[in-house]
Amino acid sequence: MENIILEMRSITKTFPGVKALDSVNLKVRDGEIHALVGENGAGKSTLMKVLSGVYPHGSYEGDILFNDETVAFSGIPDSEEKGIIIIHQELALVPLLSIAENLFLGNENVEAGVIDWPKTYSRTLGLLEKVGLKESPSTLVGQLGVGKQQLVEIAKALAKDVKLLILDEPTAALQENDSAKLLDLLLEFKAQGISSILITHKLNEISRVADSITVIRDGASVSTLDCRAQSISEEDIIRDMVGRDMAHRYPVRKNPTKEGHLGKTLMEVSNWNVWHPEAVDRQIIHDIAFNVHAGEIVGIAGLMGSGRTELAMSLFGQSYGKNIQGEVRLRGEIADLSTVPKAIKSGLAYVTEDRKELGLILEETIQTNTTLANLDRVSSSGVIDENIERQVSEDYRKALNIRTPSVFQKVMNLSGGNQQKVVLSKWLYSQPDVLILDEPTRGIDVGAKFEIYSIINELADDGKGVVMISSEMPELLGMCDRIYVMNEGRFVGELDKANASQEKIMSMIVKA
Amino acid sequence: MTTKETSTVVQSAPSVTSYLKSHMRDYGMLIALVVIMGMFQFLTDGTLMRPVNLTNLFLQNSYIIIMAIGMLLVIVAGHIDLSVGSVAGFIGALAAVMSVNYDLPTILVVPVCLVVGLIIGGLQGYWIAYWKIPAFIVTLAGMLVFRGLTLALLEGQSVGPFPKSFQLLSTGFIPDVFGVGRPNVTALVLGVLAASAIVFLAARSRSRALKYGIQDEPFSFFIVKNALVAIAIIYLSYLLSTYRGLPNVLMTMAVLIAVYTFLTNSTTIGRRIYALGGNVKAAKLSGINTERLTFLTFANMGMLAALAGLIFAARLNTATPKAGFAMELDVIAAVFIGGASMTGGVGKVIGAVIGAFIMGVMNNGMSILGIGIDWQQVIKGLVLLAAVIFDVYNKQKAR
């Protein structure tokens with residue numbers, strides 16, 4: 001009988017209106033590497049937040065046993081006290097402090113309130129050696145690359161006498177060789193008796209290091225696979241990850257595009273390359289080419305961080321990235337999309353992923369937001385005709401069924417679904433040929449989703465081209481005529497409606 | 001959710017009190033101004049509203065109000081301009097050197113000074129808009145630079161007096177075309193015209209709003225409000241007419257208030273400035289040239305600061321190295337008292353004007369009462385804080 005270091009028993013966590021976790025079980029053996037996999041939004045991070053005490057004891061149901069004793073954490077300090085350390089996807093380092101200062105942040109080596117620097121530096125050197133990072137303790141963290149920062153995070157965990165290390169997609173932002181180094185480090189820790197939980201999407205990593213796998217789907221643990229007892233194929237994991245039945249319903253298109261009966265090509269992108277705006281040597285988008293026809297809904301599938309939003313924003317007036325290269329043809333002609341006004345004028349619209357941050361002026365009314373991208377159309381020589389403006393926004397309110405007493409309502413008072421409809425109104429009023437919709441149904445309830453889907457279908461029926469970016473694969477499968485699969489800044493596959501399935505998309509991503 | 005929505009859809013005629021409660025943010029400061037004026041009128045035994053003092057009140061505050069209009073745009077755009085006092089002082093000095101030392105005609109001095117102000121504002125705006133240097137820092141630097149340049153230009157001394165033509169900028173009055181003199185009939189006529197224009201515009205917009213079924217202001221409230229505004233304007237113009245009539249400055253101010261109210265309410269530029277202040281990223285992704293707008297906002301501020309500087313110099317009839325000192329603080333305070341939001345995107349021209357008048361009436365009233373400058377500062381500071389707290393409180397209640 002092996003020792004179980006951590007057992008989470010039927011954990012249920014409810015947010016207002018949503019059951020994020022539904023009696024999830026997780027068992028981690030002492031000294032193993034346990035992989036936790038699942039789609040975006042499946043509940044992995046929520047589970048880890050329950051474990052680390054971000055969601056304190058009492059805010060969830062179920063028990064957590066650590067080294068055979070029931071624990072009740074009320075915050076991160078409690079879990080760290082026991083030796084459970086979580087390293088988040090977004091690194092929690094202070095870039096303007098040195099490595100040594102970061103390692104002992106909140107955990108300083110103090111003598112009567114005064115920091116003992118010699119001790120700090122010597123301990124830092126020891127920890128850096130353990131993680132194999134050859135840097136001076138006084139180097140500022142901001143000067144390190146992402147891979148090295150990750151190592152600093154791990155060293156920080158070691159400084160706290162870690163027993164169970166949790167890594168949330170540690171290799172998502174890393175290059176191939178940095179990832180390999182990191183995985184080797186995990187294996188080394190395992191030899192020293194430190195257990196780890198590895199959250200990842202990359203199946204090749206799992207087959208390389210994991211001893212067992214827990215698959216989470218829709219907030220429930222689906223299966224636990226023991227890699228040591230049996231051989232697990234990637235297909236098995238993929239099936240468990242996505243194998244839900246199509247519970248959602250999608251509105252039926254009136255004139256679906258049939259094979260070989262596509263409209264004319266509206267948009268054609270070729271050789272699209274984009275570099276990171278700050279780290280100029282990091283290429284974010286690699287040689288992407290795609291096209292959109294009139295009346296077609298084209299999906300872009302890919303996990304978070306695969307570069308979908310960056311692609312969309314770089315196309316839309318170069319709102320993201322540096323050193324952008326490539327060619328875009330709209331209706332067959334080369335289009336100048338170098339600024340947002342030019343992109344709008346060329347007939348492109350981009351509905352942003354984050355509607356509150358990037359899409360809406362929350363303090364303003366529906367009317368103001370609706371006309372914002374095309375104020376010239378409601379004004380003559382710079383003077384706005386408020387009557388026309390009111391009529392326009394009123395029309396969209398009715399057409400899109402925005403539930404509000406009047407268009408004078410401030411958009412911050414609207415629900416997520418209605419806010420999204422306001423964003424759509426704004427972009428419809430700019431009269432685009434091609435709309436790029438980035439996560440158009442994120443954070444919206446099921447009923448409003450259906451309405452948004454219907455609007456998207458109508459757009460396609462009207463002969464517009466729609467590019468739909470989404471993390472929810474069923475949504476893409478239900479809506480799109482064609483799906484491009486994106487991973488790490490590249491298109492790794494293209495599937496038409498007849499051939500697309502979640503398994504195929506997932507395997508294209510994980511095998512890329 | 002649904003029940004709440006339907007209950008608001010049904011537009012039963014709301015009572016005056018409930019309407020006033022829900023629009024406390026809009027009328028709160030106007031009511032405060034009236035109360036403060038009433039209080040000082042009482043405390044000073046009627047001195048406050050005497051025609052002489054009323055004329056002085058306008059002259060004393062004109063430059064603050066003119067700059068507050070520009071500052072409103074800057075603050076709505078999500079920035080701040082700390083340099084306006086120094087710029088006003090510098091332009092006053094420049095005007096003095098040009099007209100006193102070099103005997104240049106006023107007709108040349110005024111436009112040159114306005115253009116210089118525009119360029120100064122533009123230069124500061126350039127760094128803020130295109131280099132993304134925080135406005136606080138750029139204009140703090142500008143504040144020091146132009147304070148220093150004022151001293152340099154005046155060689156540390158006061159320069160004056162100005163020629164008669166220049167003094168008219170501040171001390172001139174609209175002559176009585178009817179030849180009566182006192183009471184000044186022109187002033188009365190203009191007052192009545194202004195009052196009727198305001199009532200006419202209000203009635204027109206109300207009837208339009210009614211046509212679209214979006215009016216929630218009770219009719220009685222509408223009548224009372226507009227009657228009060230009209231009476232107040234006519235009464236003020238009557239008071240002024242018994243002294244020397246309407247000051248030129250008052251006309252300049254009225255025109256500026258009207259123009260900038262129109263600009264902020266009804267033009268694409270105004271709308272885009274609000275959008276930029278409300279959410280700069282969303283504005284940019286909606287195709288708004290946020291950099292150019294920020295630049296223009298600061299250039300405009302520079303020009304208005306220059307105009308204020310000219311009026312201030314004309315009023316003192318001399319340019320002093322200390323002119324405009326700490327004026328930016330009064331201007332910024334006026335804008336915030338008037339309900340603008342520190343984070344940008346919210347604020348009205350008329351609010352900033354009311355804010356400036358609240359400060360002005362308090363300055364004037366407390367001076368008449370003989371309250372020392374020490375306690376004046378304390379009271380003004382507390383009023384600023386109270387106004388902003390009132391605003392935040394109303395905002396929270398509205399949510």
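**Entry 1: a strand pair in chain A**

I started with strand E3 (residues 33–37) of chain A, which pairs with strand E11 (residues 212–217) of chain A in the parallel sense, over four bridges. Within that pairing I found A:Val37 opposite A:Val215 in E11(A). Note to self: this is a predicted model.

**Entry 2: the whole sheet**

Next I followed the strands outward. What is the strand order of the open sheet in chain A? I read E6-E9-E10-E3-E11-E12, six strands with mixed pairing. Strand E6 (84–87) and strand E12 (220–226) of chain A sit at the edges; each has a single partner strand, so one side of each is left without a neighbour in the sheet. I also looked up the twist: neighbouring strands are turned by 15° against each other on average, direction ignored.

**Entry 3: helices on the sheet**

Helix H1 (residues 44–52) of chain A lies across E3, E6, strand E9 (164–168), strand E10 (195–199) and E11 of chain A. I noted its direction too: H1 runs at about 145° to E6(A). Then I checked helix H6 (residues 176–191) of chain A, which packs on the sheet and touches E3, E9 and E10 of chain A. Its direction makes about 150° with that of E10(A).

**Entry 4: domains of chain A**

I pulled up the division of chain A: domain 1 is 4–242, domain 2 is 264–347 + 432–512, and domain 3 is 355–431. For domains 2 and 3 of chain A, I got 24 Å between the C-alpha centres. I counted 11 residues of domain 2 in contact with 10 residues of domain 3 of chain A. Which helix gives the most to the domain 2 side? Helix H15 (residues 446–461) of chain A does, with four residues. That side has eight nonpolar, one polar and two charged residues.

**Entry 5: chain A against chain B**

On to the chains: 29 residues of chain A are in contact with 23 residues of chain B. Helix H10 (340–345), helix H11 (355–359) and strand E20 (383–384) of chain A each supply at least two residues of the chain A side. I sorted that side by class and got 15 nonpolar, seven polar and seven charged residues.

**Entry 6: chain B annotations**

For chain B I went to the unreviewed UniProt entry, whose "transmembrane region" annotation covers several stretches, among them residues 56–77 and 223–240. I looked at the model there. Residues 56–77 of chain B are 95% helix and 0% strand, with the end C-alpha atoms 32 Å apart. Residues 223–240 of chain B come out as 100% helix and 0% strand, and their end C-alpha atoms are 26 Å apart.

Terms used: Residues numbered from 1 in each chain as written. Chains lettered and ligands numbered in written order. Predicted model: local features only at pLDDT ≥ 70, side-chain atom pairs only at ≥ 80, totals over all residues. Domains from an automatic or database assignment. Contact = placed C-beta atoms within 7 Å. Nonpolar A, V, L, I, M, F, W, Y, C, P; charged D, E, K, R; others polar. Pairing = 2+ DSSP bridges. Axes fitted to C-alpha atoms, helices over the stretch in contact; angles between N-to-C directions. UniProt positions renumbered as here; feature names shortened; annotations may be inferred.
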